[in-house]
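Reader: Could you walk me through this structure before I set anything up? I would like to start with the metals and then move outward.

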Amino acid sequence: MQDRFAVAAELRKIARLLEIKGENPFKAQAYERGAAALENLDGDFAALIKAGRLQEIAGIGRALAAIIEEIYRTGECHLLQQLREELPSGAVELSELPGLSLKKIIALDEAGIKSIADLATACGEGRVSKVKGFGVKSQAKLLAEIAKRGHVQKNDELPLDQGIEEAERILSYLRGAPELSGAALAGALRRRREIVRRIVIVAASKKPRAVLDRFLGYPALAHTEALDENCCRAHLASGIRAELVVVKPEDYAGALLTETGSRRHVAKLRKIARSQSASLFPDRGHIRARSEQEIYRHLGLPLISAEMREDQGEIEAALAGKLPPLLTVDGIRGMTHCHTIYSDGRNSIEEMARAAEAMGVSYLTITDHSPTAYYAHGVGLDRLRAQWEEIDRVQERVKIKILKGTESDILADGSLDYPDAFLERFDVIIASIHARYKMNSEQMTARLLRALTLPFFKIWGHPLGRLIPSRPPFACEMEKILDAIAESRCAIEINGDPRRLDLEPRWIRAARARGIHFVISTDAHSTGALKNLSYGVAMARRGWLARSDVLNALESEAFSQAVRP
Ligand SMILES: [Zn+2]
Ligand SMILES: [Zn+2]
């Protein structure tokens, strides 16, 4: 079920698309008016729909009421689908920016610019001014417009780790309600998106009202945006938006499924259900099943993991029996990319080793910064010898295997820090960029190609250098680089630091398709940050990685062999 704000947002989308399509302006205005009416509604939206009384709201006629009801029940509507099909794929998003006519959106689409993010990058690189219908002036104006929006949106952008921590607090608080028979995280956070806009929790109870009342008493809850008998949408004091959906126990699995998958994933499941038997996935009423697995089974599919439910080919892969068995946290045998007090870490070698051992893994790689990273106290040759001696001493006291490594800077010309002859003495090398991010794409590509194809094995650390939310991935010709890596002695890191979460899933999949191997790392600068592993694994799952794609899923000896420079 969608709440009135979500339905209103869809109506506004329809209005915008009708407008850029050049339809009768009154038609677009009717959807705008309907959206405003819903946003200002002073009454129980769900109850009005159930009673078939939407048309009593001023500004909502019969046709609009039918569309509102459709969106409320299914999260989708045929009119919007039809508009999406008729218009370029970026139209929904790009039409949010003022001044973009259909003609201009088509021109952008033909130049490969299909989203606001694409547009921001293209404006930054000066490519938009060369698209037909645009100039240097309009490019600058668009960039300013995008920057303004970015600023407005930042406040409700919630990073993955904060989202999960807050959601777990809410869940454990809700579990104090005796009426609760089950509760779990849903929404984009369950899919482990790196940035989410709200926390969604689905709960089961025979007395939904009691659970909602408990939620309303959550100490960090600042104010309620919407409340009906099954759902409460609220803001926490920190500005985070949280939504609780409470259903009867028999509807729990169905609600979890529809509240977790991306809209397009769920719509596709619905379509499959419709082609079989409407009772499997009813448009109206609830899906009755004991588990999500049972729902997928009824549809002729294996259970699809939450991280994959994005409609990026997972349903087709499931139908063809080609879903990879996803990596799990338990599948990781070694902690890679750990810093210590030798560079900018907070803990000693022994403390890091013992903490990793306590987490049940059998090896860790100590990879402090190289000298060029002077701001991070990069380790020069003298101190490196001292570090290796200390590792040898610690090794005698702990069971976990400690590998001697480095996080060596990729210098501006694509060579690595430390002399070549010396590099080969490490057990493992991570090669990362820490400076000179602002090269143009061509220079950056050349730099990376040189570094990553050096004739010894290395792991490409936090590949595209993004920082969430402040620094976007740097520009380079990724396809070309992946092709080169596939031919050379290099693996790619998936960095679990919640500020990095680098590489992005779409590139993970592109690399996996080329047979490239991965390392899931923590980039831990303290013992506490070893828990970053779970975020790294989450990204790997979003990128469809199986255990066999991941080097640090190997046991100690095999891993050492695989990564030896
Ligand atoms: Zn680094
Ligand atoms: Zn690092």
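Author: What follows takes up the metal sites, then the packing, then the cysteines. This is a predicted model, in which local features need pLDDT of at least 70 and side-chain atom pairs count only at pLDDT 80 or more, while totals for chains, interfaces and linings use all residues. Residues are numbered from 1 along each chain as its sequence is written, chains are lettered from A and ligands numbered from 1 in the order in which they are written, and side-chain values use heavy atoms, with hydrogens and water left out.

Reader: OK, which protein donors hold the zinc ion (ligand 2)?

Author: Donors here are N, O and S atoms within 2.8 Å of the metal (3.2 Å for Na, K and Ca), and because water is not among the atoms, sites may look incomplete. For the zinc ion (ligand 2) they are His337 (NE2), His339 (NE2), Glu407 (OE) and Asp523 (OD), at 2.1 to 2.3 Å, and along the sequence these residues follow the spacing H-x1-H-x67-E-x115-D.

Reader: And what geometry does the site of that zinc ion (ligand 2) have?

Author: The site is irregular, with angles of 80 to 163° among the four donor atoms. The rule is that four donors count as tetrahedral if all angles lie between 85 and 135 degrees, that four count as square planar and six as octahedral if opposite donors are over 155 degrees apart and all others between 65 and 115, and that anything else is irregular.

Reader: How far apart are the two zinc ions, and which residue coordinates both?

Author: The zinc ion (ligand 2) and the zinc ion (ligand 1) are 3.2 Å apart, with Glu407 coordinating both. Distant parts of the chain are linked here, since Glu407 is in strand 10 (residues 401-409) and Asp523 is in strand 14 (residues 518-524), 116 residues apart. Helices (H or I, at least four residues) and strands (E, at least two) are DSSP runs, numbered from the N terminus.

Reader: What are the protein donors of the zinc ion (ligand 1)?

Author: They are Glu407 (OE), His434 (NE2) and His462 (NE2), lying 2.0 to 2.2 Å from that ion, and their sequence spacing is E-x26-H-x27-H.

Reader: Are Glu407 and Asp523 buried or exposed?

Author: Glu407 and Asp523 are both buried, where buried means under 20% relative accessible area, exposed over 50%, and partly exposed in between (1.4 Å probe, protein chains only). His462 is buried as well, and His434 is buried, with a relative accessible area of 12%.

Reader: What does His434 touch, and where does it lie?

Author: His434 lies in the loop between strand 11 and helix 20 (441-452). Beyond residues up to four places away in sequence, His434 touches His369, Tyr375, Glu407, Asp409 and His462, contact meaning heavy atoms within 4.5 Å.

Reader: Switching to packing, which residues of helix 24 are buried?

Author: In helix 24 (residues 556-563), the buried residues are Ser556, Phe559, Ser560 and Val563. They line one face of the helix, because seen down its axis they fall within an arc of 100°, the arc being that of the directions from the helix axis to the C-beta atoms. Glu557 and Gln561, on the other side of helix 24, are exposed. The strands that its buried residues pack against include strand 8 (334-338), strand 10 and strand 14.

Reader: And helix 23, how many of its residues are buried?

Author: Helix 23 (residues 533-542) is mostly covered, with nine of its ten residues buried. These pack against helix 10, strand 8, strand 13 (490-495), helix 22 (505-513) and strand 14. Trp544, which follows helix 23, has a positive phi, near 70°.

Reader: How many residues are in the largest nonpolar core?

Author: That core has 99 residues, and those with the most contacts inside it are Ile199, Leu364, Leu448 and Trp460. Helix 10 (residues 160-174) gives the most to this core, with seven residues. A second, separate core of 49 residues includes Leu17, Leu48, Ala107 and Val128. A nonpolar core is a set of buried Ala, Val, Leu, Ile, Met, Phe, Trp, Tyr and Cys residues joined through side-chain atoms within 4.5 Å.

Reader: Last thing, how many disulfides are there?

Author: The count comes to zero disulfides, a disulfide being a pair of cysteine sulfur atoms within 2.5 Å. For Cys123, the nearest cysteine sulfur is that of Cys476, 20 Å away, and for Cys232 it is that of Cys231, 6.9 Å away. Cys232 is buried, with a relative accessible area of 0%.
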